[in-house]
2 protein chains.
Amino acid sequence: MSQVRVLLVDDDHLMRAGLAGLLTIDPSLEVVAQAATGAEAIVLTRRYRPDVVLMDVQMPGLDGIAATQQLVAEIPEVRVLILTTFELDDYVFGALRAGASGFVLKRTRPEDLIAAVHTVADGEALLSPSVTRRVIDRMAQQPMPRLSGTSVLETLTPREREVLGYLAQGLSNREIADALVVEESTVRTHVKHVLNKLGLRDRIQAVIFSYENGINEPRQ
Amino acid sequence: MSQVRVLLVDDDHLMRAGLAGLLTIDPSLEVVAQAATGAEAIVLTRRYRPDVVLMDVQMPGLDGIAATQQLVAEIPEVRVLILTTFELDDYVFGALRAGASGFVLKRTRPEDLIAAVHTVADGEALLSPSVTRRVIDRMAQQPMPRLSGTSVLETLTPREREVLGYLAQGLSNREIADALVVEESTVRTHVKHVLNKLGLRDRIQAVIFSYENGINEPRQ
DNA sequence: ATAGATGTCCCCCGCACGGGGGATTGGTGG
DNA sequence: CCACCAATCCCCCGTGCGGGGGACATCTAT
């Protein structure tokens, strides 16, 4: 793999700019898109199909770990490299549980970061040396926790879950608006949020999601 | 049942006015509300709980057949009497599949229309004489299409069943076209036929139909 | 006190979709 | 031979939908 397509995900645009500039040192790396939130990362990953997603853990809304979980579940080919400032246990293990391919600290030297991107792009796993110790320690005592431990549904607000219920029944925005006694524009907003948070393309995918996840039970 | 409560549904307000006036000839009929769209019909049916819904087929937005389907599914007690100007096959069978109790032409004489309302209010089914012919014709060659049966699927051509399979997976017309290696316009035609034959509003309802009828099996 | 989350509502824009036609080619059956 | 169906493709047209924004009020937690 010569050319590696990279998606940057960080809520701080200065950090994104810095990373983008840093990665352009290597001409075989191409930053195809940048996202400021986890939800945006999912949308952009679907659109641009990057080889590697450089993902910050700390973000408002859908955080890096939840986003990673959804990304990997939907697009297994994508490699997620987690970036963080501190080496917090929760982040490390949460990220690996979610299916991340690697985990590097932001204070890593530029050339090492570039090397890390290439490593995960090649399908290898990668951990910052200072992190490796923690991982093998914990691996020894604990079995690997389940992938779907925390439901994506929990990222939805109560109202959004309600809207998803109506989406699952195939109702239009107008019909949902009538049912909830709000404006259609409000329903549109809720629907947008539901689709973004769940990483779904459109309301049709929401129907399928509902059946596949038991929100809709096929009546016989 | 002495007093019959009626909901009028027609996008043409002149037609509604005409029907309303016509029905007031019979003091045992009471027009409790009027709707201009299918969606409105559903809302008003919830609110006013009419005995009979006099429903036009041709309406912008949610058409009479789709509205009937939802109405009957949600409120089985309500009797839907379909009104139309022309006796088109798609309308007739789509409406009956959707759960309509009757089907009358707008050119029916006033006293016959009033009689029709009373008939369906009593729980009987009713068809305009000119429509009955078509129904028994079709009955002769194939069993009455019904909601729960798989017989409706047999009205689809092989290609249409194939398209339904892709619809069930939530694919767009473009994606189905690529899968079948035909033009998108061809897929559009197939999709139209599938929706018409199954009496479905849109591809979203097709997804739901597929799950409810075992075309899609929810995994796990 | 300030920030964040939530719910409500608004705008513009472009595209996919479904309904309304119609046309052509190849079979198949009466 | 002719009628019919199935499958393929075309047009126009209106609208529903999703993405991109933003605005405002309320409430909660820091």
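What share of the atoms of DNA strand C within 4 Å of the protein belongs to sugar or phosphate, and what share to bases? I looked that up to start with: 68% belong to sugar or phosphate and the rest to bases.

**Ground rules**

I'm working on a predicted model, where local features need pLDDT of at least 70, side-chain atom pairs count only at pLDDT 80 or more, and totals for chains, interfaces and linings use all residues. Residues are numbered from 1 along each chain as its sequence is written, chains are lettered from A and ligands numbered from 1 in the order in which they are written, and side-chain values use heavy atoms, with hydrogens and water left out.

**Strand C**

I listed what is near the strand (a residue is near if one of its heavy atoms lies within 4 Å of it). There are 19 residues around DNA strand C, and A:Thr157, A:Glu183, A:Thr186, B:Lys192 and B:Arg203 come nearest.

Next I went through polar contacts (pairs of N or O atoms within 3.5 Å; within protein, one must be able to donate a hydrogen and the other to accept it, and residues adjacent in sequence count only if both atoms are side-chain atoms). An N or O atom in the side chain of A:Thr157 sits 2.3 Å from a phosphate oxygen of DNA strand C. For A:Thr186, I get 2.7 Å between a polar side-chain atom and a phosphate oxygen of the strand. B:Asn173 uses a polar backbone atom instead, 3.3 Å from a phosphate oxygen of DNA strand C.

I then asked which elements supply this surface, with helices (H or I, at least four residues) and strands (E, at least two) taken as DSSP runs numbered from the N terminus. α7 (158-168) and α9 of chain A, together with α9 of chain B, each supply at least two residues.

For classes, I count Ala, Val, Leu, Ile, Met, Phe, Trp, Tyr, Cys and Pro as nonpolar, Asp, Glu, Lys and Arg as charged, and the others, Gly among them, as polar. The surface near DNA strand C comes out at 5 nonpolar, 8 polar and 6 charged.

**Strand D**

I ran the same lookup here. DNA strand D has 18 residues around it, with A:Lys192, A:Arg203, B:Thr157, B:Glu183 and B:His190 coming nearest. Sugar and phosphate make up 69% of the strand's atoms that come within 4 Å of the protein.

I found a base contact too: an N or O atom in the side chain of A:Arg188 is 3.3 Å from a base nitrogen of DNA strand D. A:Arg203 puts a polar side-chain atom 2.6 Å from a phosphate oxygen. The side chain of B:Ser185 has an N or O atom 3.1 Å from a phosphate oxygen of the strand. The elements giving two or more residues to this surface are α9 (184-198) of chain A plus α7 (158-168) and α9 (184-198) of chain B. By class, I noted 4 nonpolar, 7 polar and 7 charged.

**α10 against α10**

Where do helix α10 (residues 203-212) of chain A and helix α10 (residues 203-212) of chain B come in terms of axis distance, and at what angle do they cross? Their axes come within 9 Å and cross at roughly 15°; I take axes as lines fitted to C-alpha atoms, for helices over the stretch in contact, with angles from 0 to 180 degrees between N-to-C directions. That makes α10(A) roughly parallel to α10(B) (under 35 degrees; over 145 is roughly antiparallel, 65 to 115 roughly perpendicular and the rest oblique).

For contact I use heavy atoms within 4.5 Å. A:Arg203, A:Ile204, A:Val207, A:Ile208, A:Tyr211 and A:Glu212 meet B:Arg203, B:Ile204, B:Val207, B:Ile208, B:Tyr211 and B:Glu212. I read the classes as 8 nonpolar, no polar and 4 charged.

**α7 and α8 in chain B**

The axes of α7(B) and helix α8 (residues 173-180) come within 10 Å and cross at roughly 125°, and the two helices are therefore oblique to each other. From α7(B), I see B:Arg159, B:Glu162, B:Val163, B:Tyr166 and B:Leu167 in the contact, and from α8(B), B:Ile176, B:Ala179 and B:Leu180. That contact has 6 nonpolar, no polar and 2 charged residues.
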